[in-house]
2 protein chains.
Amino acid sequence: MTDNDARKSKSRRTREAIFIAARRRFAAHGYDGASVRDIAADAGIDPALVIRYFGSKDALFAEASDFKLDLPPLDSKMRGRAGEYMVQNFLDIWEGPDAGGAFTVLLRSAASNEAAAAKLREVFATQVIPSVAALAGTEGAQQRAGLITSHMLGLAMSRYILKLPPVVSMPPEMIVTHVGRAIQIYLDTPSDRL
Amino acid sequence: MTDNDARKSKSRRTREAIFIAARRRFAAHGYDGASVRDIAADAGIDPALVIRYFGSKDALFAEASDFKLDLPPLDSKMRGRAGEYMVQNFLDIWEGPDAGGAFTVLLRSAASNEAAAAKLREVFATQVIPSVAALAGTEGAQQRAGLITSHMLGLAMSRYILKLPPVVSMPPEMIVTHVGRAIQIYLDTPSDRL
DNA sequence: TGCTTTTGTCAACACGCGTTGATATTTGCT
DNA sequence: AGCAAATATCAACGCGTGTTGACAAAAGCA
């Protein structure tokens, strides 16, 4: 047991164990496919504790699928390369140490779970659209964001959820180059030509 | 009861009623969310009949999610506009009279159901890749198909499954124009620059 | 040491699920 | 009409689910 762990109260540590197990299970099997009993088993505790710590399976899922995109602000120098930059950032998030994080949880369940879908729509409205607006102007930001998200979401689905073989084995640079270019076009298209 | 119906044996009609109800339920709620009892209720019959006619829920789902893309062959004249053409075709399928068909069933469940995901991968391998190869050559067809599918799949997710408002309300021509152009680029990029 | 609060276990509940076999009803044929 | 086959109903099974409340062990504090 590390010092770090020792400093945490026991309750905090089990709560975290449950949370981590839940995120992994939800990310791998979706909301329906991950049972409270499975999560409890992974965390090494009794199923009843899951409920005691989080109130309900729904509440646990809500917490496990909560996240912020916080796209780092764009350096003005790379205007014109914002597309590539966004895709690179996207890959970093999905393939970084926190893979299988809240985003995976959300996307895995959103297609068959209305609550998850609603949360995803909210993320889109409150985080994606404003980002795009800051980058390419308010006018037509919703359409731009819609087109960009269509591509990014499909990329995530193909590569991380459905695991289509050619998409899985594509080198990151290739994705950055080509998808980046497509997104750049969506950013650069003048509003009156949308 | 129409003549058409009258000609069908009673068993055939109930089988079809079950099938239609199943496709609707699966398309709307996914594999887990659609229960045999729900489907039976929609079809106006006993749950046991569902099993007697289809063997199991799995088998019913397999049948309800089976489909062929059969993209119409490209007229050589519209080479150079193949991207727009593909997107137009895509929209026709999704928004035509058979909306909520097998494709919706599959996509709605693929994220949280491995069998559905496998079937989607199979469609991609046996129908999408060859189509792209016929259009842009064998070389790099897998990567091209991967990039194109990333965009198309994401469009389907955004517009029909998750229903992101800006994407839902986009006029078809706008989608055809912009997404079509992105796909055209994926088709036109020389193999050695992939 | 004793008492209180925290943390965890256990058994059980009510429910919905897919599926089954026995039984009833309807249909088609002679 | 009467028998046989096709079609549909019903009740029940075993199972897994989320959740609950009663109880047990552990920890913190006087």
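**Briefing: two protein chains and two DNA strands in a predicted model**

The crossing of α2(B) and α3(B) is right-handed. This helix pair belongs to a predicted model in which chain A and chain B are superposed by a rotation of 180 degrees. DNA strand D has 18 residues around it, and DNA strand C is surrounded by 17. The points below take up the helix pair, the chain fold, the relation of the copies, and each DNA strand in turn.

**Packing of α2(B) against α3(B)**

- Two packed helices are described by the angle between their axes and the distance between the axes.
- For α2(B) and α3(B), the angle is about 145 degrees and the axes are 9 Å apart.
- From α2(B), the contact draws on B:Ala17, B:Ile18, B:Ala21, B:Ala22, B:Arg24, B:Arg25, B:Phe26 and B:Gly33.
- From α3(B), the contributors are B:Asp38, B:Ile39, B:Asp42 and B:Ala43.
- Sorted by class, the residues of this contact are 7 nonpolar, 1 polar and 4 charged.

**Fold and extent of chain A**

- Chain A contains 11 helices and 0 strands.
- Its order along the sequence is accordingly written α-α-α-α-α-α-α-α-α-α-α.
- The C-alpha trace of chain A spans about 60 × 35 × 35 Å along its principal axes.

**Relation between chain A and chain B**

- Two copies of a chain are related by a rotation about an axis and a shift along it.
- Here the rotation that superposes chain A on chain B is 180 degrees, the shift along its axis is 0.0 Å, and the RMSD is 0.1 Å.
- The two copies are therefore related as by a two-fold rotation axis.
- Within chain A, the C-alpha nearest this axis belongs to A:Gly154, at 1.7 Å.
- Both copies use the same surface, as 100% of the contact residues of chain A recur in chain B.

**Surface near DNA strand D**

- Of the 18 residues around DNA strand D, those that come nearest are A:Val36, A:Arg37, A:Lys57, B:Thr14 and B:Tyr53.
- Sugar or phosphate accounts for 50% of the atoms of DNA strand D within 4 Å of the protein, and bases account for the rest.
- In chain A, a polar backbone atom of A:Lys57 is 2.7 Å from a phosphate oxygen of DNA strand D, and an N or O atom in the side chain of A:Ser35 is 3.4 Å from a phosphate oxygen of this strand.
- In chain B, the side chain of B:Tyr53 places an N or O atom 2.8 Å from a phosphate oxygen of DNA strand D.
- Two or more residues of this surface are given by each of α3 (36-43) and α4 (47-54) of chain A and α2 (10-33) and α4 (47-54) of chain B.
- The largest share, 4 residues, comes from α4(B).
- The surface near DNA strand D comprises 8 nonpolar, 4 polar and 6 charged residues.

**Surface near DNA strand C**

- Among the 17 residues that surround DNA strand C, the closest are A:Thr14, A:Arg52, A:Tyr53, B:Arg37 and B:Lys57.
- Of the atoms of DNA strand C within 4 Å of the protein, sugar or phosphate supplies 49%, and the rest belong to bases.
- A polar side-chain atom of A:Tyr53 lies 2.7 Å from a phosphate oxygen of DNA strand C, while A:Asp46 has a backbone N or O atom 3.3 Å from a phosphate oxygen of this strand.
- From chain B, a polar backbone atom of B:Val36 is 3.0 Å from a phosphate oxygen of DNA strand C.
- At least two residues apiece are supplied by α2 (10-33) and α4 of chain A and by α3 (36-43) and α4 of chain B.
- With 4 residues, α4(A) gives the most to the surface near DNA strand C.
- The classes on this surface are 7 nonpolar, 4 polar and 6 charged residues.

Terms used: Residues are numbered from 1 along each chain as its sequence is written. Chains are lettered from A and ligands numbered from 1 in the order in which they are written. This is a predicted model: local features need pLDDT of at least 70, side-chain atom pairs count only at pLDDT 80 or more; totals for chains, interfaces and linings use all residues. Side-chain values use heavy atoms; hydrogens and water are left out. Copies are superposed by least squares on the C-alpha atoms of residues with pLDDT of at least 70 in both. Contact means heavy atoms within 4.5 Å. A residue is near a molecule or strand if one of its heavy atoms lies within 4 Å of it. A polar contact is a pair of N or O atoms within 3.5 Å; within protein, one must be able to donate a hydrogen and the other to accept it, and residues adjacent in sequence count only if both atoms are side-chain atoms. Ala, Val, Leu, Ile, Met, Phe, Trp, Tyr, Cys and Pro count as nonpolar, Asp, Glu, Lys and Arg as charged, and the others, Gly among them, as polar. Axes are lines fitted to C-alpha atoms, for helices over the stretch in contact, and angles run from 0 to 180 degrees between N-to-C directions. A crossing is left-handed if the near helix is turned anticlockwise from the far one by less than a right angle, and right-handed if clockwise.
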